[in-house]
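The following exercises concern the surface, the core, the sheet and the salt bridges of one protein model. Each task is followed by a solution in steps.

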Amino acid sequence: EMSMQPIAGAEKRFRSGLNRFVSSYGAMRELPDDCSVPKVKDLIQQNGTAYAVIDRFSGMTLRELLRRNGGTLSVAQTQIVMEPVMDALEAVHAKGLFHGNISPDNILIDNNGDVRLDEFCTGDTLSTQKAVGFCSPESESGEKPQGISDVYSLGAVFYRCVLGVAPQD
């Protein structure tokens, strides 16, 4: 039987990241079904690692919607897209979680107009997945993002949608 083994000298970091992954996706399993985040169906711990089984959601990114719409959306259109994202973040923050990388690339819209906030940062991905122009100043300075960082990123996405350009990094 195969088992995931951390690189020698990185055992503590591996365990820490694995624990954050399990904790984060375990908490996400408890979110309401109508929450606009990935639906975690199962969390499996085996082979020295963990796997999250997530429902597939097919849709275009908000970035693609903006491109198809000439680069901007009206304030009213932006509110329609972003309201489910704001509601999802409220539920996520209530669980003590945060997204850590909100941008037009991580907001998906399907053919029915359903919206989902995707690509949550877990484990050690926090330091590697930063969307230029959408990260709060504290997360850019190396601090771990928190709920207030998500709020900053939401504002930056609104700005991008309405004005057609991302805020200055």
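Patches are made of residues with over 30% relative accessible area and no salt bridge, where like charges are joined within 9 Å and nonpolar side chains (Val, Leu, Ile, Met, Phe, Trp, Tyr) within 5 Å. Accessible areas come from the Shrake-Rupley method with a 1.4 Å probe, and for residues only the protein chains shown count as cover. The model is predicted: local features need pLDDT of at least 70 and side-chain atom pairs count only at pLDDT 80 or more, whereas totals for chains, interfaces and linings use all residues. Residues are numbered from 1 along each chain as its sequence is written, and side-chain values use heavy atoms, with hydrogens and water left out.

**Exercise 1. Determine which residues form the nonpolar patch on the surface, and which helix gives the most to it.**

Step 1. The patch consists of V75, Y159, V162, L163 and V165, which together have about 420 Å² of accessible area.
Step 2. Helices (H or I, at least four residues) and strands (E, at least two) are DSSP runs, numbered from the N terminus. Helix α5 (residues 147–163) gives the most, with three residues.
Step 3. V75 belongs to helix α3 (residues 75–94).

**Exercise 2. Describe the largest nonpolar core and the contacts of V37.**

Step 1. A nonpolar core is a set of buried Ala, Val, Leu, Ile, Met, Phe, Trp, Tyr and Cys residues joined through side-chain atoms within 4.5 Å. Buried means under 20% relative accessible area, exposed over 50%, and partly exposed in between (1.4 Å probe, protein chains only).
Step 2. The largest such core has 34 residues, and M28, V37, L62, M82, I107 and V157 have the most contacts inside it.
Step 3. At least two residues of this core come from each of α1 (11–29), β1 (40–46), α2 (62–68), α3, β4 (107–109), β5 (115–117) and α5.
Step 4. With contact meaning heavy atoms within 4.5 Å, V37 touches M28, L31, A88, V92, R116, L117 and F120, residues up to four places away in sequence not being counted.

**Exercise 3. Establish the strand order of the open sheet and its edge strands.**

Step 1. Two strands pair if DSSP finds at least two bridges between them. The order is β3-β4-β5, with antiparallel pairing.
Step 2. β3 (60–61) and β5 are the edge strands, as each pairs on one side only.
Step 3. β3 and β4 are joined by two bridges, and T61 stands opposite L108 in β4.

**Exercise 4. Count the salt bridges, then explain what the pairs D42–R29 and K95–E30 tie together.**

Step 1. A salt bridge is a side-chain nitrogen of Lys or Arg within 4 Å of a carboxyl oxygen of Asp or Glu. The count comes to seven.
Step 2. D42 and R29 meet at 3.9 Å, N to O. D42 lies in strand β1 and R29 in helix α1, so this pair ties together parts that are 13 residues apart in sequence.
Step 3. In K95 and E30, the closest N and O atoms are 3.1 Å apart. K95 lies in the loop between α3 and β4 and E30 in the loop between α1 and β1, so parts 65 residues apart in sequence are tied together.
Step 4. K95 counts as partly exposed at 36% relative accessibility, whereas E30 is exposed at 54%.

**Exercise 5. Locate the salt bridge between R67 and E64, and name the network that includes them.**

Step 1. The side chains of R67 and E64 meet at 2.5 Å, N to O.
Step 2. Both residues lie in helix α2, three residues apart, about one turn of the helix.
Step 3. A network of salt bridges links E64, R67 and R68.
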